[in-house]
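Dear colleague,

Please find below the structure I agreed to pass on to you. My findings follow it.

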Amino acid sequence: MQLQDNLSTDSGWNIREHRFDPGQLVTNGSKFMTGNGYLGYRGTFPEWTKSEYVGCVVTDTYDNADGTWTELCTVPNGLFARAELVDGAREEGASGNSGAVETAPPEGTGVAEGTPPESAPPAGRPTVGAGAAGAAGDAAAARDSLDSGSQGIPLSLLPGGPATVASYRRELDFRYGVQSRAVTLEVPPEAFSPGGETPDAHAREHHELDDAELDEPARAERAPGASVSIRDERFASYEDLHLICARYELRVGNVNGGPRKTGPKESSKGLPGKGERGSAEEVPGSGASGKRGVRSGARVRLVVGIDGEVWSLNGEHFSSYESSAEPVRETPGGGQAPAGRAASGERPAAAERTPAGERSAAGEGAAAGRLGAAGQADPEANPDTAAGTAGTGENACDNGLLTMRVVTQERGVPVCVGSSIRMTGAKPVEAAGVQEERGIYRVYVFELEPGEQIAFEQHMAVYSGNDTADPDAAVRRSLAAARRKGYEELLAEHRRVWDRMWERTDVTVEGDPAAQAVLRYCQYQNFIATPRHADHLPIGARGLSCQAYQGAAFWDQEIFNVPVYVHTEPEVARRILTYRHRTLAGAREKARALGYHGAFYAWVSGDTGREICPSFFFRDVLTGRPIRNHFNDWQIHVSPDIAYAVWRYYVVTGDFEFMTERGAEILFEVARFLWSRAHWSPARRRYEYIRLLGPDEYHENVDNNPFTCYQARYALRAALRVLALLAERAPERLAELRSTLDLRDAEIEEWRDMAEWIYVKSPDPETSLIEQFDGFFALEDTRPAALEERLLDPGEYWGWPNGVAVHTQVSKQADVAQLFALHPAEFDTPTMEANYDYYEPRTQHGSSLSFSVYAMVAAWIGRVDAAYDYFMRSCTVDLFDISKAVSGGTFIGGIHTAASGVAWQVAVFGFGGVRIEEDRVVMAPRLPAGWRKLAFPLVVRGRRIRATVTGEEVAVRAAPENSASVSLEIDGQRLELEPGATVGVRRASRYHE
C-alpha cells in the first residue's frame, strides 16, 4: 500500500522507504527512530556520525550549556559500525592470512576535554593500546580507518564516494519498534585501479560501447568491481530500558572483474541466517573456476565502538570524556562479566572506578589477547580472555567491553555508555583497538570470499547518575546480560512487552490500510516518547527524537498525549500526572516570582518544574534581533489545563487515592493561582483575564480569550467539587491539606464567587459566533494565503509583536475550536458548526496541534470527509514532513509527539463518538467512507470494554473479570453492560458523507 511517493506499508504495522534521499537526513532520523521512553535513538545508520544527525537522547539528563537552553543530552553513540573495502581484492590463490596478529585493546586512560594527560596523543588523533610487537601495521590501518583520509573505500549511501546504490530498503516495524535496512552497494573497478579508470569506463564515457552491444560473457566481465550487501536492524529494549540491541551482516559478491556472483539465498524474514557461507560451488565464476587473474575475494575493514562526537543543538553538554576497554570472562552462571584483572604483568582495568560523581585517576588499559591463524584465543596470552570465549562459539576478538563516561556541565551528572560486540559470522584475520579523544573503537580486518558474511550483534547500554549511584557498574551488568542472552532472546522479551501494550491500546481500522498504518505509527511515537517507567519525568513536545523543545512538557502533555492512557492504561496516566504533583514547587516558585499565589505551571517544564522557556524564543530573520515572546508568562491556560486533566482522570478512573494524595493539592493550588491572577472590573462587575496568550500564539497581549476563561472556570469548579468530596470521604486528609496550604474559608469563598462571576464569552445570539478575544472581529479579515504574499523572507515569524498575522484575524492554530474539543457536551451542534465555518478558513495551521482539533469538531458536526482529511494530515505531520523544522531562526524539528498522541483521540472520540461522563459511556459514531469497521478497547473505572463499530451496528463487549456493569448510551439508547456480556445497537445510517 503506497502512502506517499517514497513510503509504503504492507501490513498496517510498518512503513518502508524504497529510495534513499540524502536531503531528508534530519526528518528521516526522527520518523524512523526507535525508543522506549528512557532513551530515543534516531533512525540513522550504523556508519553515520553527528554530520548525519545521529543521536541517542536520554531522559533525565537535563543540562544548560549555553546559558539559555536547558535540554536533554545526546549521549555518545555506542552503536557505531563502519565497514570499508581495503587494498582492493586479492588474487585467487593468494594467502588469506599472514599469521598471528596481536589484538591491541586501547589504553583506558581517560581524556578530559582540553586537558589531555601526558600519555595521551594530540587531540583528534587515535592511539592504539599496548600490545606485543607485530601490531604496528595494524595500528596504522586502524588510524587510517578513522581518519577522513582513509585509504579504504567507504561503503556509504551518501553521495561523493565511489559506491553506488544498487538496491535499498529501510523499514520501521512499529508493532515492535524495530528499524531495519537492506542495501546493496556497487563499487566500480576503477575504484581499485591505480590509474583510476578501466578501458570499459573510458569507452562508456565516450559513448563507444553500450551494454546492448555486448554478448553475455562480455557483460559479465564488465560487472561492477565489487558488490556488497549490508543488512542491519536494531531496537530499544522495553525489557531493559537502558539497552539498545543491534545486529549487522555484510556479504560480499564479486570483486574487481569476473561475473557478478551472489551468495546463499537470504532468509524470507529478517536478516539472513547466522553463519551462512558461500562457496566456489555455489557461486558461478568464483575463484574455483580456474581462471587466473580474476579476483574473487575482498578485504574488509570494520570499525565498531563508541563515537563520542555527538550532535547537540545548543552547546557542549559534557565537561569531560573518559573511555576504557576491558576484557570479559565467563561467570559461574554462564554469562560474561568484566574481568577483575588483566593478564599477568598488566595493570588493573580502567573500568574499576570510584563511586559516581567522583573522578578516578585510574586509566590503565586491559591486557591484549592474541589471535592465532584460526582466530581462536591463545590461553597463554590472557587467561581471562580465553575463559571469556570458552564454550561460547564466539570469536576471541569480541570478548571485551568498551565504555565512555561523560559528565554534564551544569549539574555534574555522570553518564556512562557501554558497547559490546558478539561475532557470529566470519572470523577476522586482524584486530586492534583505537582510542581518540572522543571515541573508542575496535578495528577488525576480514578476508571474505564471495557469499561469505561478516555478522555480529552489538549492544549499547546507558546509565546516568540520576538512575543509579554507579552507572559504570550498571552498564557492565546490562551488557553482560545482553551478551548472555543474545539478540533473538532479547528481541523475544522485547516483543512480549509490546504485545501487552498493543493488546490494551490498539485501534483497529478495516477498509483503509493507509489510515490504519498512520494511526498505529502515531500511537507508536506516543508510546516511545512516554517515560512510563517513572513518575518524575514529562513527555517532551518532541519526545526523545532530538533536543528541540528541551525534552520538556508543555500543555500538550495533558491535553494531547495523556488521554489515550487515561482511557486504556490509567496507571501510565497516573505517573504522568504524578509528575505534575512532584513539580508543584517549581510552579509555586514561578507564581511567586511574577507576583501571584498558588501554582503557575511552567510553559516549558523539565524535571524540576521550573520555567525553562527562554524569554527570547525566536529571532527576527530580517534584522537578526531577538524577539521577546511571552509564552512563559502570559500563556496562563497551562495551569487550568493541568487541572482539567486531573479532574478528567478522576471522572474516567475513579482513582480516589490519587485525588486525595496528589490531585487535590494540584487543583487547590491552581485555583489559588487563578484567583490571584484574575482582574476584577468594577465597571463590568465581573472577573476578567487580561494580557493573555491563548492557544493561538500569534496574538499575544489579548484580553478575555474564551478558551482560557472557560478553562479557568472549569478548574475552579473542579477544585470546589474536590473540597466537597474530601469533606465527605476523607475529612482528615482535607484538614491536613488546609493546614499545609494555609487554605482558609475566606479564600474558598473567593473561589466560589469567582467561579460564578468570571467572564466567559457566550455565542452571539444571531450568529452563534464566539469572539476569540476582545476586539478580534475588528482586526483585518484576511486569509493565510494573502499573508504569505506579504512576507519579505519565508523564515519570518508570523506572530507578536511585529509579524504579518498580528493585526489580522489569521490564527496560528485552533483556538475557539479547542474549547469545543475539550468540552463537547457543553455546546450544541449549530454553535460548533457556525464557529467551525468561520474560524477554519482563517486558521493557518502553523501548529501540528491544529489539524486534530478541527478533525474532531468536523466529525461531531457531520463533516466526516473534512474530518478524515484533517485526521490524515494530523497523523502524517512527521511521516510526510508537513511541518517546518525551523521557525524564526529556532530549530523546532523532530517528532511532534502531541500530534502523535492525539491521533487516538480523533479515532475514538471523533469517529468513534466516545465521551465519558460521570455516570455513563456515550457513543455516537460517525465512520469515514471506506471504513468497514472501527474497534478499540477502553477502561472505565477499572472495567474493561471493547467497542466495535460498523455501518450497521455498534457492539460493546465487557471483560468477564469486570467487577460491575457499565452504563452505556449508544446513539441515544441507554443500556447496561454486565460483566462478560455483549450489547449492540442496530444503526439507521452509516454516518458518513
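What percentage of the residues of the chain count as buried? Of the 993 residues, 62% fall in that class. Please note that this is a predicted model.

The chain contains 24 helices and 41 strands. Its accessible surface comes to about 35600 Å², and carbon and sulfur atoms account for 47% of that area. Among contacts between residues at least 6 apart in sequence, 71% join residues at least 24 apart.

I then examined one pair of helices, H14 (residues 638-653) and H15 (residues 656-677). They pack at an angle of about 155 degrees, and their axes lie 9 Å apart. Because angles over 145 degrees count as roughly antiparallel, H14 is roughly antiparallel to H15. The crossing of H14 with H15 is left-handed. On the H14 side, the contact is made by Ser-639, Pro-640, Ile-642, Ala-643, Val-646, Trp-647, Tyr-649 and Tyr-650. H15 contributes Phe-656, Phe-658, Met-659, Gly-663, Ile-666, Leu-667, Val-670, Phe-673 and Leu-674. By class, the residues of this contact comprise 15 nonpolar, two polar and no charged.

A second site concerns Ser-768, which is placed in the loop between helix H18 (745-757) and helix H19 (784-788). Leaving aside residues up to four places away in sequence, Ser-768 touches Pro-763, Pro-830, Thr-831, Ala-834 and Asn-835. Of these, Thr-831 is 63 residues from Ser-768 along the chain, yet the C-alpha atoms of the two are separated by 5.3 Å.

With kind regards

Note on methods: Residues numbered from 1 in each chain as written. Predicted model: local features only at pLDDT ≥ 70, side-chain atom pairs only at ≥ 80, totals over all residues. Heavy atoms only, no water. Axes fitted to C-alpha atoms, helices over the stretch in contact; angles between N-to-C directions. Helix = DSSP H or I, 4+ residues; strand = E, 2+ residues; numbered from the N terminus. Parallel < 35°, antiparallel > 145°, perpendicular 65-115°, else oblique. Left-handed = near helix turned anticlockwise from the far one by under 90°. Contact = heavy atoms within 4.5 Å. Nonpolar A, V, L, I, M, F, W, Y, C, P; charged D, E, K, R; others polar. Buried < 20%, exposed > 50% of the residue type's maximum accessible area, 1.4 Å probe, protein only. Areas by Shrake-Rupley, 256 points an atom, 1.4 Å probe, with all protein chains shown as cover.
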